[in-house]
Amino acid sequence: MDARTINRKLGHTGEQGEVGPVTILQIGEGNFLRGFFDWMIQQCRKQGLYDGSIAVTQPRPGGKPKIDALAAQGGLYTVVLRGLENGSPIERREVISAISEAFDPYSEWDRFLALADRPELQLVVSNTTEAGLAYRPEPYTEGQPIHSYPGKLTMLLYRRYLHFSGSPDAGVVCLPCELLERNGDTLRQCVLQYCEDWMLPEPFKQWIVEHNRFLNSLVDRIVTGYPEEELAERWFGEWGYRDPLLTTAEPYHFWAIEGELELERLLPLRKAGLNVHWVNDLKPFQLRKVRILNGSHTLMTPLGIVLGLETVREAMEHPEVGPLVRLAVEQEIIPALPEMDETELREYAQDVYGRFLNPFIRHRLSDIAMNSLSKFKIRLLPSLQHALRHADLPAGLVAGMAGLLRYYKVSEGDEGFVGEALNGSRYSVRDDEELLRLIAGIWSDAAQQAQPLQETIAQLLSCEELWGCDLNAIAPGNRLAADLCKHMEAWEGLQHV
């Protein structure tokens, strides 16, 4: 195929328009921000609502190849949205042209700091993963780049404070997108800790607190990145250009930001028709996502793997797992959120089902399964406890927990901790090693002593190390253990019919 790589120098498609001044510093070159935030800014620019542009740098040295590729393309790249809208499949392509600069802050540290001198700079957006949004002690040496993202931000803000003589108007708004509760608060705490470590002036710390905003936010969109090679090549042939930075994403997008609606003057996202909410409190949005979306994943994943399923879509289409997820969400999880609007929760659940059934996304259960014990404790156990206080054993959640216990029927070997699905295939289990060793020991001792399954389950339920409490106590008379046992014996029995 004789197609050139997309580049502003080619005048490609005429979609880029005027770039505009850098008003946003973006820390993160990965697929998510390019398929989420940059796409949003593009929607604002297309409608004439925003005339600023984005400078992108990476949060760690390993991101340099993608930064170089983005710079080589003049900041242009393609996003293709694929998924279901109103039950029908859609495929929508767009060239994103909101990025005006992309460079490596480790080799161009002075250029990074010089961004602080630009009066137009208003926002700092980041996605550095949960591990990247953390305080790690490191020394500061004049002229040498700081490794961590919060450390880089500290020095950028200090340069800005000095350049504008501490002007209140020089403060910026920081919008972290990392999937970390209270991510804005965390970022501010990290910055202030580096101020202490590096003995920066007290008036600067006061300027940080009084004239800069660190907003907590919650993001949601599945960005699937570069598609399978055969499809990419077909698209390049149709478009007449190649794009190694092509990324794909689902149509659904959601962003809740803890801040006043007046911030739309900086980011007119709602005015552009985007599913963005400026809110007083993020907790309800975080809770519904954790309990419904993340909880559904945690419910289906261990059981799906035990049943030999591979993807979220397969699980939702499975005659047992799919109805089980819907039952648990609608009759057991949503009722455990009494402070929230039930109609909105049910609408959100329907959106979640549609996203799970997206025919263009192959979301592997094995990629979701890591740390399922702690995920169950956070995402599903509160709903289980609520149900037991108000009704009998919740069928969906109990079946999901039975799948979890069966998934963690593991043994330790040279390749780590391994379980066996009902079809005989083997799978690796990734979780806290001490907890896995504890569980493996219980299963091993039970096998050696020919212990009845219900007794083994009761023993597992009693492990406060796993659940934070003795789960036998929340359903007296071993009712929970007995019900879990019935599910597990039924699955094993069906497998051997």
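**Group meeting: a helix, two domains and two spaces**

At the start of helix α6, a side-chain oxygen of S148 comes within 3.0 Å of the backbone nitrogen of G151, and a polar contact here is a pair of N or O atoms within 3.5 Å, where, within protein, one must be able to donate a hydrogen and the other to accept it, and where residues adjacent in sequence count only if both atoms are side-chain atoms. Before going on, I should say that this is a predicted model, in which local features need pLDDT of at least 70 and side-chain atom pairs count only at pLDDT 80 or more, while totals for chains, interfaces and linings use all residues. Residues are numbered from 1 along each chain as its sequence is written, and side-chain values use heavy atoms, with hydrogens and water left out.

Helix α6 covers residues 149-163 and spans 21 Å from its first C-alpha to its last, close to the 21 Å expected at 1.5 Å a residue, the expected span being 1.5 Å times one less than the number of residues. Helices (H or I, at least four residues) and strands (E, at least two) are DSSP runs, numbered from the N terminus. Is α6 mostly covered or mostly open? It is mostly covered, since 12 of its 15 residues are buried, where buried means under 20% relative accessible area with a 1.4 Å probe and protein chains only; among them are Y149, P150 and R160. After the helix comes S165, whose phi is positive, near 55 degrees.

Now to the domains, as UniProt records them in unreviewed entries, bearing in mind that such annotations may be inferred rather than shown by experiment. The record places "Mannitol dehydrogenase N-terminal" at residues 23-259, a span that is 36% helix and 25% strand. For "Mannitol dehydrogenase C-terminal" UniProt lists residues 281-473, and there the chain is 63% helix and 6% strand.Finally, the largest pocket has a volume of about 1600 Å³, a pocket being, on a 1 Å grid over the protein atoms alone, an open set of points with protein on both sides within 12 Å along at least five of seven lines, and lining residues having an atom within 4 Å of a point. Of its 47 lining residues, E130, L179, K289, N294 and R379 lie nearest the centre, and the largest share of the lining, 9 residues, comes from α10, which covers residues 283-306.

Key. Buried < 20%, exposed > 50% of the residue type's maximum accessible area, 1.4 Å probe, protein only. 1 Å grid on protein atoms, 1.4 Å probe; cavity = no way out; pocket = protein on both sides within 12 Å on 5 of 7 lines; lining within 4 Å. Points joined across faces, edges and corners; volume = space filled by probe spheres on them.
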